[in-house]
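Reader: I would like a close look at a single part of this chain, followed by how that part sits in the rest of it. Please keep it plain and go one step at a time.

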Amino acid sequence: MIPRKVKEAVNVLKILNEKFKEEDLKKQPLLEDAAESPIYLQLMLKKIPPPQLLRMIRVPLPHSLVPEISEVCLITGDLDKRNHKAEIEPTVLHYKDLLKKHSVTKVSQVIPLRQLRTEYKTFESKRQLAAAYDVFLVDKKLAGVMAKILGKPFLQSRKFPIQIDMRRPNLKDQIDKALCEAELSLTCRGNSYALKVARLSMEDEDIIENIRTCIEVLENKLPGKKENILSLYLKTAKSKAIPIYVSLDILDDILIKKPRKNDKYKLDELSTIDNAEVKVFRDGRVILRKMKESSRCENKNIN
């Protein structure tokens, strides 16, 4: 189910963007070029998935969503986790050296967890941090606390950090892959969703290829698969949504399978918070869970 109107919709978005640029430049002559504006794929589902299917759907794309000249920030753990007054600089230097060792050149800033907690407490400071970088990456072991620490400014700006595993040897490959991924946060609270799939500055064929790849992946990963897709639209931040697909099928044919209980998640340690562990789901979600005193004692006795 690849819409035939993708190319026409992309052309319309680029024409609209030129008009928006002309209008903005009249009002603010020194305004930056809007050619890097993202293109979003909006989708409407026929049936809202059950809460058990809440997840993050990751879509590998053939062309990167991040321009060559971009600001990428990496959020890491702390070297000295127990000393809350420890200096931040040794941790920053440690991870910068690690990135250099793996020939990673796309990360422009490293922010340890302690610095994130102490220097970015207010809503305004978080908003400024979100605006300062194009993309955020985060060590996978910290994913369980990111939503609470970063909050609405990052969700509203669609810049929630992409998870990578800092312990793996292929760190460069992980970062390169993360910068070529689209993410759809399936909240199961409604039937309307959107994800960034391209940039207006990209070549038309690259944009179209990204969009088609994204649709093909979503057809297989969405609950109910392609039969559950009601409509698809393309838009930018300023434009109206342009329809590229609308389904006329009835709802009764849609089957949404719930996950088996033993397939939902596995427990893992969380080194950044004492007496805590995380549920690591198959789709990559990580949820923090405090351990009870009895459970800690049992674990100590076993060890």
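Author: In this predicted model, Leu-137 has Ile-162 of strand S6 as its bridge partner. The two strands concerned are S5, which covers residues 135-139, and S6; they pair in the parallel sense, over three bridges.

S5 and S6 belong to an open sheet of four strands with parallel pairing, in which the order is S4-S3-S5-S6. Strand S4 (109-112) and strand S6 (162-164) are the edges; each has a single partner strand, so one side of each has no neighbour in the sheet. From one strand to the next, the twist averages 30°.

A helix covers part of this sheet. Helix H7, made of residues 171-178, lies across S5 and S6, and its direction is at about 165° to that of S6.

The charged side chains of H7 come next. Asp-176 and Lys-172 form a salt bridge, with their closest N and O atoms 3.0 Å apart. These two residues are four apart in helix H7, which means that about one helical turn separates them. Asp-176 also forms a salt bridge with Lys-106, where the closest N and O atoms are 3.7 Å apart. Here the partners come from separate elements: Lys-106 is in the loop between H2 and S4, whereas Asp-176 is in helix H7, so this salt bridge ties together parts that lie 70 residues apart in sequence. Lys-106, Lys-172 and Asp-176 are thus linked in a network of salt bridges.

How far are these three side chains covered? Lys-106 has a relative accessibility of 37% and counts as partly exposed. Lys-172, at 33%, is partly exposed, and Asp-176, at 23%, is partly exposed as well. For Asp-176 the cut-off matters: a residue is buried only under 20%, so a value of 23% leaves Asp-176 in the partly exposed class.

Another salt bridge involves the loop that follows S3, a strand of the parallel sheet. Asp-78 and Arg-114 meet through their side chains, at 4.0 Å from N to O. Asp-78 sits in the loop between strand S3 (72-76) and helix H2 (89-101), while Arg-114 is in helix H3 (residues 113-119); the pair is 36 residues apart and links distant parts of the chain. Both ends are covered: Asp-78 is buried, with 11% relative accessible area, and Arg-114 is buried, with 9%. The count of salt bridges comes to eight, among them the pairs Asp-78 with Arg-114, Lys-106 with Asp-176 and Asp-176 with Lys-172.

The chain also holds an open sheet with antiparallel pairing, made of four strands in the order S8-S1-S9-S10. Its edge strands are S8 (192-199) and S10 (242-246), each of which pairs on one side only. The twist in this sheet averages 20° from one strand to the next. Strand S9, covering residues 229-235, pairs with S10 in the antiparallel sense over four bridges, and Ser-231 stands opposite Val-246 in S10. Helix H8 (residues 204-221) packs on this sheet, where it touches strand S1 (38-45), S8, S9 and S10; the direction of H8 makes about 145° with that of S8.

As for the whole chain, it has nine helices and 13 strands. Of its 303 residues, 44% count as buried. Among contacts between residues at least 6 apart in sequence, 72% join residues that are at least 24 apart. The accessible surface comes to about 18,000 Å², and carbon and sulfur atoms account for 50% of it.

One last point concerns confidence. The chain has a mean pLDDT of 82, with 80% of its residues at 70 or more. Residues 293-303 stay under 50, and the model has three contacts beyond four places in sequence for that stretch. Where pLDDT is low, the predicted coordinates should not be read in detail.

How values were computed: Residues numbered from 1 in each chain as written. Heavy atoms only, no water. Pairing = 2+ DSSP bridges. Axes fitted to C-alpha atoms, helices over the stretch in contact; angles between N-to-C directions. Contact = heavy atoms within 4.5 Å. pLDDT = per-residue confidence, 0-100. Buried < 20%, exposed > 50% of the residue type's maximum accessible area, 1.4 Å probe, protein only. Areas by Shrake-Rupley, 256 points an atom, 1.4 Å probe, with all protein chains shown as cover.
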